[in-house]
Amino acid sequence: MEKIQFNRKFLITLVLPLVIEQILAVTVGMADMIMVSGAGDTAVSGVSLVNTIANLLIYVFTALATGGAVVAAQAIGAKRKDTANIVSNQLILICFVFAIVITAVCLLLNRQILGLIYGNVEEAVMENAVIYFYITALSFPFISVYYGATALFRSMGNSKLSMYVSTIMNVLNIIGNAIFVFGFNMGIAGVGYATLISRAVAGIIVIFVLRNQDLELHIDKYLRLGFNWKIQKNILALGIPSGIDNAMFQIGKLFTQALIASFGTASIAANATASTIELLATIPAAATGLAITTIVGQCVGANDYDSAKKYTKKLMFWAYVMLWIENLFIVILTPTIASWYNLSPEADHLARILMWYHSACCVIMWPAAWTLQSVLRASGDVKYLMTASIIIMWVFRIGFAYLLTWLNTLIGSPLPGVLVVWIAMTIDWLARCISNTWRLKSGKWMKKAVV
């Protein structure tokens, strides 16, 4: 059996662009919130509520993309180039078709979806949410194709391509925010249009890039993608469990979001602000997880599990080191960061508490809870991951959120309600750490390859 070898330079050039790409994505999310915050807590809350739903859908898109990326990476590791390129065509096709269907549903049932989930929020918050949801729903086909394409870029170890396109998309988003929000005073609609335009441009660019026949993974130059059921079956075999996992997780977040909404607008705004910083605080570990998918996927394709273990340990070590450094700065700068959002005094106080609590737990548990899952996903062990994740989410994240909230109320609410929900979230993390570690030690993940 030929050993898979990745030198330090390759690993750095794979991980570093992913970190930069993640920083850009989170920075734009922060820019959206900061720019719209001038319209008050109701606008911030409206963006937050829609983003929770949009993230559910986007995670489904990324699950499909990841399914295709794992199949492609395993095909590269197995040196089956023709299969890898067929996977590329089929992945882009399914990402686009699926997103078109989702977009149609969101446009037709905009207010009904928001009302079903957030029926008890203030009317001003709901009106902002309706506007933002309608505009950003139009961007789903573009962002779905973008995620599919960038997953393929990472599968061939070329994360610089996705970083370049991400840079263009995010710069356009910021420029669009400046023009529409400040230049034309369009408020939350301006943020939505900036998002739509930037995602459309990114989606078009990645399609043109993937048409380059010199790339290790590419699509048909004339976009004759066709339909290959055998390949689609492999992609869906990985993508559907991951999609269900991600969708159920986001549904769980909707349940907790609805619980937080019952605490009032200040809690919603604080949660929205802290959630944005939460993404920033986990960037190194999240980027490392994407790199692990590529590395382990190729090792699994080559049936080289010793190398898969070796590189996982090395990348996990890097993830922890980078996470500690970053979160130290976040803890120090929390008051300054919170002040950027122009929140009310109550929301600002709550946001600071959540940010400090998150960083303290993040540096201990986040990589083991989330980054380590990439090993199981890249190996094809997605059914176990889906089952364990759903059970943990419903029992610990949702069940404990409502149980601890009830207990907190019973004893006179000594803790802010939104903090109680975040405590339940970190209990969820601990359960995932245990589940992931046990599965990897069992060795069962080494029998799930699809190529």
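Here are some questions and answers on the fold, surface and backbone of this predicted model.

Residues are numbered from 1 along each chain as its sequence is written. Because the model is predicted, local features need pLDDT of at least 70 and side-chain atom pairs count only at pLDDT 80 or more, while totals for chains, interfaces and linings use all residues, and side-chain values use heavy atoms, with hydrogens and water left out.

Q: How many helices and how many strands does the protein have?
A: Let's count DSSP runs, numbered from the N terminus: helices are H or I over at least four residues, and strands are E over at least two. On that basis the tally is 16 helices and zero strands.

Q: What is the radius of gyration of the protein?
A: The radius is taken over C-alpha atoms, and the globule rule is 2.2 Å times the number of residues to the power 0.38. For 451 residues, that puts a compact globule near 22 Å. The protein agrees with this, at 21 Å.

Q: What share of the residues of the protein is buried?
A: Buried means under 20% relative accessible area, exposed means over 50%, and partly exposed is in between (1.4 Å probe, protein chains only). Across the 451 residues, the buried share is 59%.

Q: What share of the contacts with a separation of 6 or more comes from residues 24 or more positions apart?
A: A contact here means heavy atoms within 4.5 Å. Among pairs with a separation of 6 or more, those 24 or more positions apart account for 83%.

Q: How many residues of α6 are buried?
A: Helix α6 runs over residues 140-155 and reaches 22 Å from its first C-alpha to its last. That is close to the 22 Å expected, where the expected span is 1.5 Å times one less than the number of residues. The helix is mostly covered, and of its 16 residues the buried ones number 14.

Q: Which residue with a positive phi follows α6?
A: Just after α6 the backbone has a phi near 80°. The residue there is Gly 157.

Q: Is Lys 79 buried or exposed?
A: Most residues other than glycine have a negative phi. Lys 79 is not a glycine, yet its phi is positive, about 60°. It sits in the loop between α2 (41-77) and α3 (81-108). With a relative accessible area of 64%, Lys 79 is exposed.

Q: What is the relative accessibility of Asn 303?
A: Asn 303 also has a positive phi, near 60°. Its place is the loop between α11 (283-301) and α12 (305-339). Asn 303 counts as partly exposed because its relative accessibility is 48%.
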